[in-house]
Amino acid sequence: GVGQLHQGVELGVEGEIVTGLTATAVGTWNNFLYNSKANATISIDNDASVISDREVYLQGYHVGGTPEIASTIGLKYNGKQYYWISVNFNYYANLYVDVNPDRHTGEALAGMDAADPRINLVLAQDRLDNFYTLDASIGKSFRIGGKYYINLNFSMNNILNNKTAIYAYQQLRYDNMNIEKFPNKYSYMYGAQYFLNVNFRF
């Protein structure tokens, strides 16, 4: 019974500024939400025993795992001597932590009254920091003889060595008396990366 609503808009523009120099801008804004209650069956590892069937209240929470806002601005120059240079600045925002469904059940809040400050901690969905990257590449094509070609391309991703968290999830185990006992798990972006590609055609 898991329902999701995905809405968004996307816009892309490309144009030549001067001969050989092209500018590109692409952006997307989205809203990824759970839009229904769901049913969760909790069982024991390596056993067919069912602990419980629970109703999960997910409506209004964001679907985690992907940024809802993403954009890139780039410049590319194609030279007359069969070489090219490109630079792209990329920006990402509104990236939410994947929620633990069991923290959104009546059982998770058992024993708490409406004024209990732990309720907000149990039900909270964190949002990751916005982040950006800068990428660049340079390449050249060589003609050898009459029918052989070599293409060289050197690319640099995340030149600024940004190692921001880009994915996170709530642990399935938790303690509603001390919600920080089992914190979120995070995956981080790779730092600066360099690639050299050589292509031979005949």
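**Architecture and aromatic pairs of a predicted model**

At 37% relative accessibility, Tyr-186 counts as partly exposed, and this residue of the predicted model serves here as an entry to the aromatic side chains, to which the text returns after a description of the whole chain.

The secondary structure of the protein consists of one helix and eleven strands, and these elements follow one another from the N terminus in the order β-β-β-β-β-β-α-β-β-β-β-β. The C-alpha trace extends over about 80 × 40 × 30 Å along its principal axes. The radius of gyration of the protein is 24 Å, whereas a compact globule of 202 residues would have a value near 17 Å. Of the 202 residues, 33% count as buried, and the protein exposes about 12900 Å², of which carbon and sulfur atoms supply 55%. When contacts between residues at least 6 apart in sequence are considered, 64% of them join residues at least 24 apart. The charged side chains comprise 15 positive and 18 negative ones, and the centres of these two sets are separated by 17 Å.

Within this framework, Leu-21 belongs to strand β2, which covers residues 21–34. Leu-21 counts as partly exposed because its relative accessibility is 23%, a value that lies between the 20% under which a residue is buried and the 50% over which it is exposed. With residues up to four places away in sequence left aside, Leu-21 touches Gly-15, Glu-16, Leu-75, Lys-76 and Tyr-77. By contrast, the C-alpha atoms of Leu-21 and Arg-103, which are 82 residues apart along the chain, lie 52 Å from each other.

Among the aromatic side chains, rings whose centres lie within 6.5 Å are taken as pairs, and by this rule the count comes to eight. One of these pairs is formed by Tyr-167 and Tyr-169, whose ring centres are 6.2 Å apart and whose planes meet at 40°, so the pair is classed as tilted. Both partners are partly exposed, Tyr-167 with a relative accessible area of 28% and Tyr-169 with a relative accessibility of 37%. Tyr-186 and Tyr-188 also form a tilted pair, with 6.4 Å from centre to centre and 35° between the planes. In this pair, Tyr-186 is partly exposed at 37%, whereas Tyr-188 counts as exposed because its relative accessible area is 53%, which is over the limit of 50%. Finally, Tyr-148, Phe-200 and Phe-202 together form one aromatic cluster.

Technical notes:
Residues are numbered from 1 along each chain as its sequence is written. This is a predicted model: local features need pLDDT of at least 70, side-chain atom pairs count only at pLDDT 80 or more; totals for chains, interfaces and linings use all residues. Side-chain values use heavy atoms; hydrogens and water are left out. Helices (H or I, at least four residues) and strands (E, at least two) are DSSP runs, numbered from the N terminus. The radius of gyration is taken over C-alpha atoms; the globule rule is 2.2 Å times the number of residues to the power 0.38. Buried means under 20% relative accessible area, exposed over 50%, partly exposed in between (1.4 Å probe, protein chains only). Contact means heavy atoms within 4.5 Å. Accessible areas come from the Shrake-Rupley method with a 1.4 Å probe; for residues, only the protein chains shown count as cover. Lys and Arg count as positive and Asp and Glu as negative; His and the chain ends are not counted. The place of a charge is taken as NZ of Lys, CZ of Arg, CG of Asp or CD of Glu. Rings of Phe, Tyr and Trp (its six-membered ring) pair if their centres lie within 6.5 Å; planes under 30 degrees apart count as stacked, over 60 as edge-to-face and the rest as tilted.
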